[in-house]
Amino acid sequence: MAIHQVTIGELKGILPGGGTLIDIREIDEYVAGHIPQAVNIPLSTIEENIERFRDGNDVYLVCRSGGRSFRACEYLHDLDIINVVDVVGGTMAWTADGGILTQGNQP
């Protein structure tokens with residue numbers, strides 16, 4: 001099964017409608033700067049937070065550059081959680097596209 005992906009441009013169109021964005025980077029990375037509205041569920045804690053990914057709607061996963069979020073999507077697909085979507089290019093692509101980052105531990 002193929003992993004569904006969106007670009008930063010597509011994500012920017014989705015977020016105003018209330019899309020769920022999960023930043024899977026570790027806490028220190030998230031606190032240093034994350035996409036506004038993103039909640040943090042570190043990759044290392046996905047297994048213990050699995051129910052947070054079981055949403056009827058699409059759940060967008062983001063990391064720094066897209067590698068970890070893609071692997072997380074693969075892992076979740078293996079558990080039959082297929083509503084997860086990889087954000088291509090991660091927060092690096094977000095800032096390269098002119099997006100701002102929020103600092104701190106809140107979305």
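**Note on the predicted model: a buried histidine, two positive phi values and the nonpolar cores**

1. H34 sits in the loop that joins α2 (27-32) to β3 (39-40), in what is a predicted model. Although its place is in a loop, H34 has a relative accessible area of 0% and is therefore buried, the cut-off for that class being under 20%. A polar atom of the H34 side chain lies 2.9 Å from the backbone oxygen of Q106. Leaving out residues up to four places away in sequence, H34 touches D23 and R25 on the one hand, and I100, L101, T102, Q103, G104, Q106 and P107 on the other.

2. The loop between α2 and β3 also holds Q37, a residue other than glycine whose phi is positive, near 90°. With a relative accessibility of 33%, Q37 counts as partly exposed, whereas H34 is buried.

3. A positive phi is also found at D80, again a residue other than glycine, with a value near 65°. D80 belongs to the loop between α3 (67-78) and β5 (84-87), and its relative accessible area of 66% makes it exposed. As background to both of these points, most residues other than glycine have a negative phi. A reviewer may wish to look at the backbone of Q37 and of D80 with this in mind.

4. The largest nonpolar core has 15 residues, and those that touch the most other members are I22, I24, I46, F53, L61, L76 and V84. Both β4 (59-62) and α3 supply at least two residues of this core, with α3 giving the most, namely 3 residues. For I22, once its neighbours within four places in sequence are set aside, the contacts are V39, I41, R52, F53, V59, Y60, L61 and V62. Apart from this core lies another, made up of 13 residues, including I8, L15, Y30 and V85. In soluble globular proteins, nonpolar side chains tend to be buried together.

5. D97 lies in the segment after α4 (90-96) and is partly exposed, with a relative accessible area of 44%. Not counting residues up to four places away in sequence, D97 touches I8 and K12, and I8 is itself among the members of the 13-residue core. The C-alpha atoms of D97 and C63 are separated by 16 Å, the two residues being 34 residues apart along the chain.

Note on methods
Residues numbered from 1 in each chain as written. Predicted model: local features only at pLDDT ≥ 70, side-chain atom pairs only at ≥ 80, totals over all residues. Heavy atoms only, no water. Helix = DSSP H or I, 4+ residues; strand = E, 2+ residues; numbered from the N terminus. Buried < 20%, exposed > 50% of the residue type's maximum accessible area, 1.4 Å probe, protein only. Polar contact = N/O pair within 3.5 Å; in protein donor to acceptor, adjacent residues only side chain to side chain. Contact = heavy atoms within 4.5 Å. Core = buried A, V, L, I, M, F, W, Y, C linked by side-chain atoms within 4.5 Å.
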